[in-house]
Amino acid sequence: MSNKKQKKNRPSNRNMKEKLFNTFGTICMLCENNFDKKDLQLHHLEKWEHTHTTTYEQSSLTCDICHKRIHKEERNDKIKYNILNNKIREYKKIYGKGRG
Ligand SMILES: [Zn+2]
Ligand SMILES: [Zn+2]
């Protein structure tokens, strides 16, 4: 049984995505390309399994390709995985300015 699908559609995740769209637009925070809302996914900078909460700080938007890439590195190379997550954190720091 897959929890993944359910998780993706949790209402709190949808609300968080809207919040991120309002601040950052419909941009993938990793490749910085523009996408349709439906093609962007909520990625947790801290593993959801660790925190069990979806906060603004740990939420990000990634396209399907980048999202798969991040989680592939998570399995293969933790250092690269951290680098990718840090890149997203930097993006949020730069472009999230002026917002509480
Ligand atoms: Zn991307
Ligand atoms: Zn993710």
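The largest nonpolar core of this predicted model has 13 residues, and those that touch the most other members are C28, M29, L30, L61 and C66. Several elements each give two or more residues to this core: helices α2, α4 and α5, together with strands β1 (40-44) and β2 (59-63). Let's walk through two of these core residues before stepping back to the whole fold.

**Two core residues from one loop**

C28 is found in the loop between α2 and β1. It counts as buried because 24 C-beta neighbours lie inside 10 Å, where 20 or more are needed. Leaving aside neighbours within four places in sequence, C28 is in contact with N33, F35, L40, L61, T62, C63 and C66. Two of those partners, L61 and C66, appear with C28 among the core residues that touch the most other members. C28 also has a distant residue to look for in the viewer: its C-alpha atom is separated by 9.2 Å from that of I88, which is 60 residues away along the chain.

L30 lies in the loop between α2 and β1 as well. This residue is buried, with 21 other C-beta atoms within 10 Å. Not counting residues up to four places away in sequence, L30 touches T62, C66, L84, K87 and I88. The C-alpha atoms of L30 and Y91 are 61 residues apart along the chain, yet their separation is 8.0 Å.

**The overall layout**

Stepping back, the protein has 5 helices and 2 strands, arranged along the sequence as α-α-β-α-β-α-α. Of its 100 residues, 20% count as buried. Among contacts between residues at least 6 apart in sequence, 60% join residues at least 24 apart.

How confident is the predictor in this protein? The mean pLDDT is 88, and 88% of the residues reach 70 or more. Helix α1 (residues 4-8) has the lowest confidence, with a mean of 54, while α4 has the highest, at 98.

**Helix α2 and what follows**

Helix α2 covers residues 11-24, which makes 14 residues. From its first C-alpha to its last it reaches 20 Å, close to the 20 Å expected at 1.5 Å a residue. One of its residues, N13, lies in this helix and counts as partly exposed, with 17 C-beta neighbours inside 10 Å. The C-alpha atoms of N13 and T53 are separated by 9.6 Å, with their positions 40 residues apart along the chain.

After α2 comes G25, whose phi is positive, near 75°. Further along, in the loop between α2 and β1, is E32. Most residues other than glycine have a negative phi. E32 has a positive phi of about 60° although it is not a glycine. E32 is exposed because it has 12 other C-beta atoms within 10 Å, and 12 or fewer is the cut-off.

**How α4 meets α5**

Two packed helices are described by the angle between their axes and the distance between the axes. Helix α4 (residues 64-76) and helix α5 (residues 78-95) pack at an angle of about 145°, with their axes 6 Å apart. On the α4 side the contact is made by I70, E73 and E74, and on the α5 side by K80, Y81 and L84. The residues of this contact divide into 3 nonpolar, no polar and 3 charged. L84 is also one of the residues that L30 touches.

**Beyond α5**

Which residues does G96 touch, not counting residues up to four places away in sequence? They are T23 and F24. G96 has its place in the segment after α5, and it is partly exposed, with 14 other C-beta atoms within 10 Å. The C-alpha atoms of G96 and T23 are 6.5 Å from each other, although 73 residues apart along the chain.

**Distant pairs at a glance**

Here are the sequence-distant pairs from the sections above, ready for checking in the viewer.

| Pair | Separation along the chain | C-alpha separation |
|---|---|---|
| G96 and T23 | 73 residues | 6.5 Å |
| L30 and Y91 | 61 residues | 8.0 Å |
| C28 and I88 | 60 residues | 9.2 Å |
| N13 and T53 | 40 residues | 9.6 Å |

Conventions. Residues numbered from 1 in each chain as written. Chains lettered and ligands numbered in written order. Predicted model: local features only at pLDDT ≥ 70, side-chain atom pairs only at ≥ 80, totals over all residues. Helix = DSSP H or I, 4+ residues; strand = E, 2+ residues; numbered from the N terminus. Contact = placed C-beta atoms within 7 Å. Expected span 1.5 Å × (residues − 1). Axes fitted to C-alpha atoms, helices over the stretch in contact; angles between N-to-C directions. Nonpolar A, V, L, I, M, F, W, Y, C, P; charged D, E, K, R; others polar. Core = buried A, V, L, I, M, F, W, Y, C linked by C-beta atoms within 7 Å. pLDDT = per-residue confidence, 0-100.
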